[in-house]
Amino acid sequence: MQKDVPQSLRVFLIGGFRVYVGDREVPLGDWRLRKASAAVKLLALAPGFALHRDQLLEALWPDLDPQAATNNLHQALYFARKALEPARGRRARSHFLRWAGDTLRLEAPGGVWVDVAEFEAEAAGTPDPEALRRAFELYRGELLPGDRYEDWAAAPREALRLRFQSVALALARAAADSGDTSLAERTLHRLLETDRALEVAHVELIRLYLEAGDRARAARQYAEMVATLREELGTEPGPE
């Protein structure tokens, strides 16, 4: 293999979009077209980092006829390959975006690493506290905040947010059970940053403060929960 061939591809989607080819970060301006980076994002979110041509066309150009959408896809992939491999010749085969029949694959000589896939792998390691902690630390914000109004990003964003909530609750409970109340408290507060009206997180904090004998903080947390639920959801706390 040639020495100048980049060996790995790392894609960050949580908290913002970043791509590293080897040690080189791809400048956002190098994508040229929004759909060029969108194609890479879609592949990075897909199982096995692969999608059928029709899936890409439907996600990126749902309102165009098949021929126009296909032409747009070819243009987007040209700029995506250029961003990933600036020195690649126009007719040289890409090391990162390759067709296998009608399926486009995101790959790399040294392997592809995607933070979402890593998060899911660590989250699947529950109830191991260390796996929970690693998954928790990978969630640096919502999925692809720069694509908030893209239909194709909405469902994965919500699924990841709910998965993070599950991980955070499990980590907080594991930390509390082991006596690490500081970690439990930090985790629950971080969880509330993703959803101020998440009642179960307020309840866990109230329980944590009560078990520590701090009734004043428990009362303040309860008052905050009541106010937030009324403001955000127009509801009252449940019986618990």
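**Strands, a hairpin and helix contacts in a predicted model**

Beyond residues up to four places away in sequence, Glu204 touches Leu169, Arg173 and Leu188. The structure in which these contacts occur is a predicted model. Glu204 belongs to helix 8, which covers residues 199-211. Its relative accessibility is 13%, and Glu204 therefore counts as buried, the limit for that class being under 20% relative accessible area.

The description now turns to the strands. Strands of a sheet pair through backbone hydrogen bonds, in either a parallel or an antiparallel sense. In this model, four strands form an open sheet in the order 3-2-1-7, and their pairing is mixed. Strand 3 (24-25) and strand 7 occupy the edges; each has a single partner strand, so one side of each is left without a neighbour in the sheet. At one of these edges, strand 3 pairs with strand 2 (residues 18-21) in the antiparallel sense, over two bridges. Within this part of the sheet, Val21 lies opposite Arg24 of strand 3.

The other edge strand, strand 7, comprises residues 112-114 and contains Trp113. With a relative accessibility of 27%, Trp113 counts as partly exposed. Which residues does Trp113 contact, leaving aside its neighbours within four places in sequence? They are Leu9, Arg10, Val11, Phe12, Glu118 and Leu138. With Glu118, there is also a polar contact of 3.4 Å between the two side chains, that of Trp113 and that of Glu118. Leu132, for its part, is separated from Trp113 by 19 residues in sequence and by 19 Å in space, C-alpha to C-alpha.

A further antiparallel pair consists of strand 5 (residues 97-100) and strand 6 (residues 103-106), joined by four bridges. Here Trp99 stands opposite Leu104 of strand 6. The two strands form a hairpin with two residues between them, in which Gly101 adopts a positive phi near 70 degrees.

Helix 4 (residues 115-123) meets helix 6 (residues 151-177), their axes coming within 11 Å and crossing at roughly 35 degrees. The crossing of helix 4 past helix 6 is left-handed. On the helix 4 side, the residues involved are Val116, Phe119, Glu120 and Ala123; their counterparts in helix 6 are Leu160, Arg163, Phe164 and Val167. Classified by type, the residues of this contact between helix 4 and helix 6 are six nonpolar and two charged, with no polar residue.

Terms used:
Residues are numbered from 1 along each chain as its sequence is written. This is a predicted model: local features need pLDDT of at least 70, side-chain atom pairs count only at pLDDT 80 or more; totals for chains, interfaces and linings use all residues. Side-chain values use heavy atoms; hydrogens and water are left out. Buried means under 20% relative accessible area, exposed over 50%, partly exposed in between (1.4 Å probe, protein chains only). Contact means heavy atoms within 4.5 Å. A polar contact is a pair of N or O atoms within 3.5 Å; within protein, one must be able to donate a hydrogen and the other to accept it, and residues adjacent in sequence count only if both atoms are side-chain atoms. Two strands pair if DSSP finds at least two bridges between them. Axes are lines fitted to C-alpha atoms, for helices over the stretch in contact, and angles run from 0 to 180 degrees between N-to-C directions. A crossing is left-handed if the near helix is turned anticlockwise from the far one by less than a right angle, and right-handed if clockwise. Ala, Val, Leu, Ile, Met, Phe, Trp, Tyr, Cys and Pro count as nonpolar, Asp, Glu, Lys and Arg as charged, and the others, Gly among them, as polar.
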